[in-house]
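Open the model in your viewer and keep the selection panel at hand. The stops below go from strands to a pocket and then to a few side chains.

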Amino acid sequence: MKLYTRMIATTTLLAFLLLLILTVFYYLAFPIHNWQLLWTHKVMEIPVVLMMPAVTILFGIVIGIIIAAVWQRRIHFIENSLHRVLNNQSVADPVSYEEMTDVLSRLRDVQQYIQDQTKRTQKLIEERATAQEETINQVISEERNRLARELHDSVSQELFAASMLVSAVLAANIEQDEKTTKQLHQIEAMIQQAQLEMRALLLHLRPVLLKDKTLNEGMEQLLEELHAKVPMDINWRLETIEVNKGMEDQLFRILQEAISNALRHAKASLVEVLLMERDDFLILRISDNGIGFDVEEKQHNSYGLTNMYERAAEIGARLNIVSLENEGTKIEIRVPLMSEEGEKE
């Protein structure tokens, strides 16, 4: 039964009860001796005995409609308020419904509770995602380190032993035929290339981290280690330049990527690294005397080159690559040195 129907039925019934009560009191105060007068006496040509119930019913209906309309507006206000609460919107003030102040206060409490719960849930989700990401990164790092260790202890050692064995055979058999000597030199070159490939792979699997070192110290350590382990001349000149930690990390990663590419693809015998400051620019230059490559062709297909361009862009640097066939490659990164206020130093 709808609100209007219930209200009209209720008020009509109450009006009838009131009519009966008043009739009883009237009869007790003024006893009626001739009940036919109620039928014979008329108001607006309608007998009194019919007029009184009719007026009572009409009164009950009108009062019922008015009360139902008032409550309907308040229920509509509550529905709108709940809808706004569910949509995380502020609840409007019931300017003309002062009696709804307590309801409004409870709705605001519910809304605040929902917002607090939502914030806590989002924070928990963020913390869980961060923890999962850290766990995944840790597992990946441990697995990469394990693979790097296994490759270094097994494949690298075997390649080194094979290289030494071929060198010993070449040194001990100086009278062997030209064809065999040529093949041994080819085998030695293949082993050396495999060693370079392995060293580059180890750089990717287990990259050296700067940690608490400065950029200059980290580059010095990396280049000294490579100089001792790869059959290639590596020269460097590093000026001490103070930049923020984020910029140091990106420049160090670019250096690692560039040297890794040189080891794997350049077939170079010389790599030179220069770090200097000129005209308010930090300049990092890595060059080799290898076979070179087509920059336009590799620029969009090489993950390593894309990685270097992205890292340079993150620190506002400009990366330029010049490569000529059989003359080598030069990679230069120019970083504007800015003061804390955003002006060039």
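Helices and strands in this tour are DSSP runs, at least four residues of H or I for a helix and at least two of E for a strand, numbered from the N terminus. The model is predicted.

**Stop 1: two strands.** Select residues 233–238, strand β3, together with residues 270–278, strand β4; the two run parallel and are joined by 6 bridges. For one of the contacts, pick Asp233, whose bridge partner in β4 is Leu270. Now add residues 245–266, helix α7, through which the chain crosses from β3 to β4. This β-α-β crossover is left-handed.

**Stop 2: a pocket.** Keep α7 selected and add β5 (281–288), α9 (303–314) and β7 (328–336): each of these four elements supplies at least two lining residues of the second largest pocket. Which element gives the largest share of that lining? The answer is α7, with 7 residues. The pocket has a volume of about 380 Å³. Its lining holds 23 residues, and those closest to the centre are Asn261, Ala262, His265, Phe293 and Leu305.

**Stop 3: a charge over a ring.** Select Arg334 and Phe281. The charged end of Arg334 sits over the ring of Phe281, 5.0 Å from the ring centre.

**Stop 4: an aromatic pair.** With ring centres required to lie within 6.5 Å, the count is 1 aromatic pair. Select Tyr26 and Phe30: their ring centres are 5.3 Å apart and their planes stand at 45 degrees, so the pair is tilted. Tyr26 has a relative accessible area of 48%, which means that Tyr26 is partly exposed.

Notes. Residues numbered from 1 in each chain as written. Predicted model: local features only at pLDDT ≥ 70, side-chain atom pairs only at ≥ 80, totals over all residues. Heavy atoms only, no water. Phe/Tyr/Trp six-rings, centres within 6.5 Å; stacked < 30°, edge-to-face > 60°. Buried < 20%, exposed > 50% of the residue type's maximum accessible area, 1.4 Å probe, protein only. Lys NZ or Arg CZ within 6 Å of the ring centre and 35° of its normal. Pairing = 2+ DSSP bridges. Right-handed = clockwise from strand over helix to strand, strands pointing away. 1 Å grid on protein atoms, 1.4 Å probe; cavity = no way out; pocket = protein on both sides within 12 Å on 5 of 7 lines; lining within 4 Å. Points joined across faces, edges and corners; volume = space filled by probe spheres on them.
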